[in-house]
Amino acid sequence: MKKISILICLALVASCGGSSETATTTTAAPTTTTTPTPTTTTTPPTTTTTPTPTTTTTPPTTTTTAAPTTTATPAPTTTTTTTTAPPTTTTTTPATTTTTTATPTTTNTQVENTISDSELRSRFESAKASVLGGDLTFAGCAASVLGQEKALSLVTTTPTDQDLLLLEDCITDFENYMAADTWGQEIDTPVEFIYASDVPSRVRELLEEAITAATVEWGNFGPTEYWVAGIDVTAAEELADQYCTRWDDRGKMNKSECLQNEHTAKFLPEQAAAVATAIETGRATSNAGRNGNRNWGVHMFSSSYPLGFAGLLGIPFADDQTVAFHEYFHAVQHAYIFTKNRDTRDELMGPMWWSEGTAEYMAQVTSQSLRESGAITASDWNPLRDRFQWKMEDVQEWLQSNPGQTANSIEYGPEQNVGYSYGTWAIAYLSDKFGEGLLLGNFYPKLNDLGWEGAFIDTYGMSSSDFIYEFNQFVSLPISEQLLILP
């Protein structure tokens, strides 16, 4: 509960804005260097009590009818109608008959029971559950209505009926917000590319060709934004300003805070400077990554200047094509994870060898196939087997330098490229043994419900630890034998 309270506190400070995802920066080819960035009032009912005359009274009959619960958009409005038949009291005397009609009495208990039994309480519980899952939208609204202290108390206490009535608009707004969330759905809107002013048209054409081809192969999960720096720092700073202005206008982040603290806003000018230096020194560098953002309902990417697409430093188009496919596959992975809780998302993404290995294997194999078919621009590059051989050589050299260790334990950091290579071969091994189609046909569709380990067992019929043991035996084989499993 302490953790949940902290989440709500964050909502109170950010007023429902900000990002809960940290950027993960990845690369795909040996010629690129990647450094991960560690990586949407109701006035309470008046209770009227009218004294009843001292008579013999037939008790009123009260009928309460609640509107059926619905989950459609817009959110349902609960209507509670109380109809009371006026009681008739007759006092008989020898000469006359007097009829007295008493005003019905509505008690606090009746109101409480009516609200408690309505769908408003269950709707509140659904909104509250979203906070426990990491979505702070409802928490921020609740704080603005009830105050911070009262909103925090709802983590561990049951709201009063008056609280529920006050929160009804917040609940409705949250339901509308959720209904508009397209996360995990394939959409028709194409990926949006936003470039620094110095990025030439040919670079743009080649990048958009690659990303669009990836959406055709694996599904167009969006909305998706792809921000690309050039090599002019001033132009990159202008692009960062455009980025922060956009999210300030959307009410997600204060512009000045964005420029100072947000990953993408800092990344773009930094990479412009880094790539400009790389061109001067002849030492190629490339940096791209998916930087969120589930809380904002968008797949956010940022990229340094693609030297291969620019025809610089002898880097082939195919290198940058593979990077583009690799990065977009991260959008595919995240599209199958619905929670907005960052820690839970990280757990469901799986260990680094898996999350990066799946992206790199799918990028290498798919982009190679599409070049050969003519679906994307052809490029001179080393054959697929050569590229995989280099990856296995890196792994085996690392194992020789780290006796007693296994490469599946490598995390993001200085040795991460070895982890990428190990993971790429691990997916190649699974694809050869069980079929490549299971990855997107079974594992990812079941990931959100079964968890990472559960989806792995369901898909491959063994635990991940059993697989690692088996695969490590394969890693020790001669590379000439390992290459035989490649498609």
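**Close-up views of salt bridges and a helix contact**

**View 1. R246 and E192 are joined by a salt bridge, with N and O 2.8 Å apart.** The model shown here is predicted. R246 belongs to helix α8 (residues 233-249). E192 sits in strand β6 (residues 192-195). The two residues are 54 apart in the chain, and their pairing links distant parts of it. R246 has a relative accessibility of 17% and counts as buried, because buried means under 20%. E192 is partly exposed, at 33%.

**View 2. E470 and K433 form a salt bridge.** The closest N and O atoms are 2.6 Å apart. E470 lies in helix α17 (residues 464-475), and K433 lies in helix α15 (residues 416-434). The partners are 37 residues apart in sequence, so the salt bridge ties together separate parts of the chain. E470 is partly exposed, at 24% relative accessibility. K433 is also partly exposed, at 44%.

**View 3. Four residues form one salt-bridge network.** Its members are E192, E225, R246 and R250. They are joined through salt bridges that share partners. The pair R246 and E192 from View 1 belongs to this network.

**View 4. Helices α15 and α17 cross at roughly 100°.** Their axes come within 11 Å. An angle from 65 to 115 degrees counts as roughly perpendicular, so α15 is roughly perpendicular to α17. On the α15 side, the contact is made by Y422, W425, A426, Y429, L430 and K433. On the α17 side, F467, I468, E470, F471, N472, F474 and V475 take part. The contact residues comprise 10 nonpolar, 1 polar and 2 charged. K433 and E470, the salt-bridge partners of View 2, are both among the contact residues.

**View 5. K150 forms a salt bridge with D163.** The closest N and O atoms are 3.2 Å apart. K150 is in helix α5 (residues 148-153). D163 is in helix α6 (residues 161-179). The residues are 13 apart, and the pair links distant parts of the chain. K150 is partly exposed, with a relative accessible area of 30%. D163 is buried, at 7%. A search of the whole structure finds 10 salt bridges, including this one between K150 and D163.

Key: Residues are numbered from 1 along each chain as its sequence is written. This is a predicted model: local features need pLDDT of at least 70, side-chain atom pairs count only at pLDDT 80 or more; totals for chains, interfaces and linings use all residues. Side-chain values use heavy atoms; hydrogens and water are left out. A salt bridge is a side-chain nitrogen of Lys or Arg within 4 Å of a carboxyl oxygen of Asp or Glu. Helices (H or I, at least four residues) and strands (E, at least two) are DSSP runs, numbered from the N terminus. Buried means under 20% relative accessible area, exposed over 50%, partly exposed in between (1.4 Å probe, protein chains only). Axes are lines fitted to C-alpha atoms, for helices over the stretch in contact, and angles run from 0 to 180 degrees between N-to-C directions. Angles under 35 degrees count as roughly parallel, over 145 as roughly antiparallel, 65 to 115 as roughly perpendicular and the rest as oblique. Contact means heavy atoms within 4.5 Å. Ala, Val, Leu, Ile, Met, Phe, Trp, Tyr, Cys and Pro count as nonpolar, Asp, Glu, Lys and Arg as charged, and the others, Gly among them, as polar.
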